[in-house]
Amino acid sequence: MTIEREALQALLSRYSVGPKHLSEPGPDQAELSLMVEAALRAPDHAELLPFRFKVVRGAARAQMADLFAAAARAAGKDEAGAAMDAERALRAPVTVAVLARIDLGHPLVPAHEQWACVGGALSNFLNAAHLLGYGGKMLSGAKVRDANVMAAFCGPGETLLGWIALGTPLRRAAGPSRKGGVEQALSEWTQPASPT
């Protein structure tokens, strides 16, 4: 098997692994830098950087847990629900916030192309994590719209998309089956018939 086929097989074996299925160790700084290097290879028109990542680890994890608990209370959850949200923030060994900064008035690159870059960066990041032996999953939910959570993570003009939970998978498996398959995701385009 060629190295290209081996790389493709490695990518095809990737699936999302949620925080409750992750354990220590998480990626170190050098490995996180490689993941970001992969993210930077997303299409970007060579002049825009419409995404940014913020690593949450160490003592900052407890601060994020407090933010999540406060957001849960603000959303009307009771103390048990707030405690559950706080606990979820602590499950993954490493959490990475994903931020987008879309320039709506850019004269050459429309917003939808910038969003495509953000999606490509996220995909490249998760693929690099997988190739380094880590599991991960993108998480979001109502917390991304909480004013205090947004203020804690976002800079001017940024949108909080969510968090990537990263760590060592507790077990290797084939992964869940995808909704649909190649047949549903790939079709041939034909020009529609002209109305007569």
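Where in the structure is the place of Ala72? Ala72 sits in helix H3, which covers residues 60-74. Keep in mind that this is a predicted model.

## A look at Ala72

Ala72 is a buried residue, because its relative accessibility is 3% and buried means under 20%. What does Ala72 touch, not counting residues up to four places away in sequence? Its partners are Lys77, Gly81, Ala82 and Asp85.

Now look across the protein to Trp115. Ala72 and Trp115 are 43 residues apart along the chain. In space, 28 Å separates their C-alpha atoms.

## The overall layout

The protein contains 7 helices and 5 strands. Start at the N terminus and follow the chain. The elements then come in the order α-β-α-β-α-α-β-α-β-α-β-α. The C-alpha trace spans about 60 × 45 × 35 Å along its principal axes.

How much of the protein is buried? Of its 196 residues, 37% are buried. Now take the contacts with a separation of 6 or more. Residues 24 or more positions apart account for 81% of these contacts in the protein.

## Surface and charge

The protein exposes about 11,900 Å². Carbon and sulfur atoms supply 58% of that area.

Charged side chains come in two sets. There are 20 positive and 19 negative side chains. The centres of the two sets lie 7 Å apart.

## Two nonpolar cores

The largest nonpolar core has 22 residues. Which of them touch the most other members? They are Met35, Phe51, Phe53, Val96, Phe125, Ile164 and Leu166. Several elements each supply at least two residues of this core: helix H2 (29-39), strand E2 (51-56), strand E3 (94-100), helix H5 (111-131) and strand E5 (159-169). The largest share, 8 residues, comes from H5.

A second, separate core holds 18 residues. Among them are Ala69, Ala82, Ala89 and Leu160. Ala82 is also one of the residues that Ala72 touches.

Go back to Phe51 in the largest core. Set aside its neighbours within four places in sequence. Phe51 is then in contact with Ala39, Leu40, Leu99, Ala100, Cys117, Val118 and Ala121.

## Two cysteines, no bond

A disulfide is a covalent bond between the sulfur atoms of two cysteines. How many disulfides does the structure hold? The count is 0.

Why does Cys117 have no such bond? The closest cysteine sulfur, in Cys154, is 17 Å from the sulfur of Cys117, and that is too far for a bond. A disulfide needs the two sulfur atoms within 2.5 Å. The case of Cys154 mirrors this: its closest cysteine sulfur is in Cys117, at 17 Å.

Are these cysteines buried or exposed? Cys117 is buried, with a relative accessible area of 2%. Cys154 also counts as buried, at 19% relative accessibility. The cut-off for buried is under 20%.

## A cis peptide bond

Most peptide bonds are trans. Here is a cis one. It joins Glu24 and Pro25, and omega is about 0 degrees. Where does Pro25 lie? Pro25 is in the loop between strand E1 (22-23) and H2.

## Three residues with more or less cover

His112 belongs to helix H5. His112 is exposed, because its relative accessible area is 58% and exposed means over 50%. Met150 is 38 residues from His112 in sequence. Their C-alpha atoms are 22 Å apart in space.

Met84 is found in helix H4, residues 79-89. Its relative accessible area is 45%, so Met84 is partly exposed. Met84 and Ala65 are 19 residues apart along the chain. Their C-alpha atoms are separated by 9.6 Å.

Ala142 lies in a loop, between strand E4 (135-139) and helix H6 (147-153). Is Ala142 buried or exposed? Ala142 counts as exposed, at 51% relative accessibility. Along the chain, 67 residues separate Ala142 from Ala75. In space, their C-alpha atoms are separated by 8.4 Å.

Conventions. Residues are numbered from 1 along each chain as its sequence is written. This is a predicted model: local features need pLDDT of at least 70, side-chain atom pairs count only at pLDDT 80 or more; totals for chains, interfaces and linings use all residues. Side-chain values use heavy atoms; hydrogens and water are left out. Buried means under 20% relative accessible area, exposed over 50%, partly exposed in between (1.4 Å probe, protein chains only). Helices (H or I, at least four residues) and strands (E, at least two) are DSSP runs, numbered from the N terminus. Contact means heavy atoms within 4.5 Å. Accessible areas come from the Shrake-Rupley method with a 1.4 Å probe; for residues, only the protein chains shown count as cover. Lys and Arg count as positive and Asp and Glu as negative; His and the chain ends are not counted. The place of a charge is taken as NZ of Lys, CZ of Arg, CG of Asp or CD of Glu. A nonpolar core is a set of buried Ala, Val, Leu, Ile, Met, Phe, Trp, Tyr and Cys residues joined through side-chain atoms within 4.5 Å.
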